[in-house]
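The exercises below are meant to be worked with the sequence and the coordinates side by side. Each one sets a task and is followed by a solution in steps.

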Amino acid sequence: MQNHLNDEFVFRYKLVGSVEYIKSGKDQLILSKMVKICCIGAGYVGGPTMAVIALKCPNIQVAVVDISTARINAWNSDTLPIYEPGLDEVVKKCRGKNLSFSTDVEKHVAESDIVFVSVNTPTKTQGLGAGKAADLTYWESAARMIADVAKSNKIVVEKSTVPVKTAEAIEKILTHNSKGINFSILSNPEFLAEGTAISDLLNPDRVLIGGRETPEGKKAIEALRDVYAHWVPVDRILCTNLWSAELSKLAANAFLAQRISSVNAMSALCEATGADVSQVAHAVGKDTRIGPKFLNASVGFGGSCFQKDILNLVYICECNGLPEVATYWKQVIKVNDYQKTRFVNQIVSSMFNTVSGKKIAVLGFAFKKDTGDTRETPAIDVCKGLIGDKAKLSIYDPQVNQDQIQRDLSMKKFDWDHPVHLQPMSPTSVKDVSVVWDAYTATKDAHGICILTEWDEFKNLDYQKIFNDMQKPAFVFDGRNVVDAEKLRKIGFIVYSIGKPLDDWLKDMPAVA
Ligand SMILES: NC(=O)C1=CN([C@@H]2O[C@H](COP(=O)(O)OP(=O)(O)OC[C@H]3O[C@@H](n4cnc5c(N)ncnc54)[C@H](O)[C@@H]3O)[C@@H](O)[C@H]2O)C=CC1
Ligand SMILES: O=C(O)[C@H]1O[C@H](OP(=O)(O)OP(=O)(O)OC[C@H]2O[C@@H](n3ccc(=O)[nH]c3=O)[C@H](O)[C@@H]2O)[C@H](O)[C@@H](O)[C@@H]1O
């Protein structure tokens, strides 16, 4: 039935019970089959986002497609490819009803009314803009495929984070081979954070939809707004022009990362002066203009997006002749790198300026708690720094396995952001690294412990038992401020906590890069 609408732009639909009426460009009501959504890219964004749309819109058929057979098989199994609290329940409720996962990308794209594109947008490693610009290879190939297989009008939604003005390029690709088919491009960036993806999706601060300011563009915005309006209050659905939506995503991530670099910069000053960064952050955050969230000092921010998106922003500023603006944002990344290096230097200098041959337990490898994601985790840089000083590492993370850790420690920068099956394999494992399945094995006979992810279980370990089984002096370097430092000091540990007043021991061991 959908094909009856081929030459009319479908712009609005209303759901009446289980029967759907689609209002065509000619303002007629036409009884139609279910609206179909397809999402290209079954990753951390595509999977959870589509699962929630399926949950909240039982009358919409949602297909999530991917070129990775392994990923799709996992989405169709009992062990989903990503760990995300609450995700299993949502997928189980909808899979086999109005939610499906498939490698038959072309078929599902051809059948859909709305196509979300949520593919990788890694940092370029070669050629023009290498190390900064976004690599749009995967996006472009998705757009070309949509143009090739489409037989009916489609709304194409940018879900991936892309450089501002990408929609213009995508539009050109789509319309170049359009065979008379109408494509409307929307930007609908995603703001979910990993670990809280399902609650973020169910209750978003806002949904942002950008589109062309033409009658067709406005109709496409309305159609997508109606999907979200199934569960998101309309005053939280913001509609803007395309470029504002694309840039807002980069801006939001830059602002968030900048807060962390700001508090981390303060943490260095706190250590130098005897101030306590938690107290400073609390006092600063009480100002309602600043607010209390996202002010936890840490070993540095990680995750697949902050660094990549800021580098992308820096590149766009440079391309637009704004070097001062580029330098401003670049500094956010520089402070993040400084924080990771500072942490490694602190460990090495505290332990008599060498960790050569010493066992160091690494607790936590994921870039934050409640996820198994290790993309751009600060743990990679810290571990590489310690390995560079010839430490022997024993790593434990409740959600990250040995294979992933070995791959991360042997992969080149930015390679991690390509589809998994296209990433280089790690032929030899990194020497002097063992991966274990509990914190007590990791810490046994260790000289020092580094806490790199704020997993709740690290707060409540039996630190007396751990102390008894460690070499002395026994050190704890808390990169996430999760342990009760005073309690550990009473047991006998020498404790370094980011941004906190230093132990006398550590004061005498200044870390100089
Ligand atoms: N991970 C996150 O928390 C967030 C990510 N984003 C953005 O969303 C986009 C996707 O990120 P993730 O979901 O984390 O990446 P991901 O790597 O988990 O998933 C991307 C998927 O796209 C697939 N893919 C690539 N090219 C394809 C093609 N031509 N056809 C079919 N499938 C293809 C890959 O196989 C992969 O499974 C990125 O632009 C990212 O910046 C935005 C907000 C949050
Ligand atoms: O575009 C994206 O990919 C997403 O990036 C972040 O989400 P995410 O990276 O999943 O997780 P965050 O909670 O933002 O944490 C990022 C990093 O900052 C660190 N962090 C966070 C908060 C804080 O106060 N201190 C701090 O060091 C975390 O430990 C983590 O390493 C944003 O929060 C999302 O809004 C955005 O959609």
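## Exercise 1: Two helical residues

Leucine 311 is buried, with a relative accessible area of 11%. The model is a predicted one, and the values used here are computed from it.

**Task.** State in which helices leucine 311 and histidine 282 lie, and decide whether histidine 282 is buried or exposed.

**Solution.** Begin with leucine 311, which belongs to helix H11 (residues 306-319). Its relative accessible area of 11% is to be set against the cut-off for burial, which is under 20%; leucine 311 is therefore buried. Next, consider a residue remote in sequence: glycine 129 is 182 residues away from leucine 311 along the chain, and the two C-alpha atoms are separated by 9.9 Å.

Turn then to histidine 282, which is placed in helix H10 (residues 277-285). With a relative accessible area of 52%, histidine 282 is exposed, the cut-off for that class being over 50%. The C-alpha atoms of histidine 282 and glycine 41, which are 241 residues apart along the chain, are separated by 40 Å.

## Exercise 2: The order of a parallel sheet

**Task.** Work out how strands S12 and S13, S13 and S14, S12 and S15, and S15 and S16 pair, and follow the chain through its crossovers.

**Solution.** Start with strand S13 (residues 392-396), of whose five residues four are buried, so that the strand is mostly covered. S13 runs parallel to S12, to which five bridges join it, and within this pairing lysine 392 of S13 is the bridge partner of lysine 359. Between these two strands the chain passes from S12 through helix H13 (residues 378-388) to S13, in a β-α-β crossover that is right-handed. S13 also pairs in the parallel sense with strand S14 (residues 433-435), over three bridges, and here leucine 393 has valine 433 of S14 as its bridge partner.

Return now to strand S12 (residues 359-363), which pairs with S15 in the parallel sense over four bridges; in S15, isoleucine 449 is the bridge partner of alanine 361. The next step leads from S15 to strand S16 (residues 475-478), again a parallel pairing over four bridges, in which aspartate 478 of S16 is the bridge partner of isoleucine 451. The chain reaches S16 from S15 by way of helix H16 (residues 463-468), and this β-α-β crossover is right-handed.

Finally, examine the side chains of S15. In a regular strand the side chains alternate between the two faces of the sheet. In strand S15 (residues 448-451), Gly448 and Cys450 point one way while Ile449 and Ile451 point the other way, and all are buried.

## Exercise 3: A pocket and its lining

**Task.** Describe the lining of the second largest pocket, and explain where this pocket lies with respect to domain 1 and domain 2.

**Solution.** Take the volume as the starting point: about 270 Å³ of space lies in the second largest pocket. Its lining consists of 13 residues, and those nearest the centre of the pocket are Ala133, Ala134, Pro163, Tyr315 and Cys319. Sorted by class, the lining residues comprise nine nonpolar, two polar and two charged ones. The position then follows from the domain bounds: because domain 1 (36-232) and domain 2 (280-497) both contribute residues to the lining, the second largest pocket lies between them.

## Exercise 4: Less common backbone geometry

**Task.** Find out which peptide bond involving proline 473 is cis, and what the phi values of phenylalanine 294 and aspartate 370 are.

**Solution.** Recall as a baseline that most residues other than glycine have a negative phi, and that most peptide bonds are trans. The bond between lysine 472 and proline 473 is cis, with omega at about -5°, and proline 473 is found in the loop between H16 and S16.

Phenylalanine 294, although not a glycine, has a positive phi of about 60°; this residue lies in the loop between H10 and H11 and is partly exposed, with a relative accessible area of 37%. Aspartate 370 likewise has a positive phi, near 65°. Its place is in the loop between S12 and H13, and at 25% relative accessibility aspartate 370 counts as partly exposed.

Conventions:
Residues numbered from 1 in each chain as written. Chains lettered and ligands numbered in written order. Predicted model: local features only at pLDDT ≥ 70, side-chain atom pairs only at ≥ 80, totals over all residues. Heavy atoms only, no water. Buried < 20%, exposed > 50% of the residue type's maximum accessible area, 1.4 Å probe, protein only. Pairing = 2+ DSSP bridges. Right-handed = clockwise from strand over helix to strand, strands pointing away. 1 Å grid on protein atoms, 1.4 Å probe; cavity = no way out; pocket = protein on both sides within 12 Å on 5 of 7 lines; lining within 4 Å. Points joined across faces, edges and corners; volume = space filled by probe spheres on them. Nonpolar A, V, L, I, M, F, W, Y, C, P; charged D, E, K, R; others polar. Domains from an automatic or database assignment.
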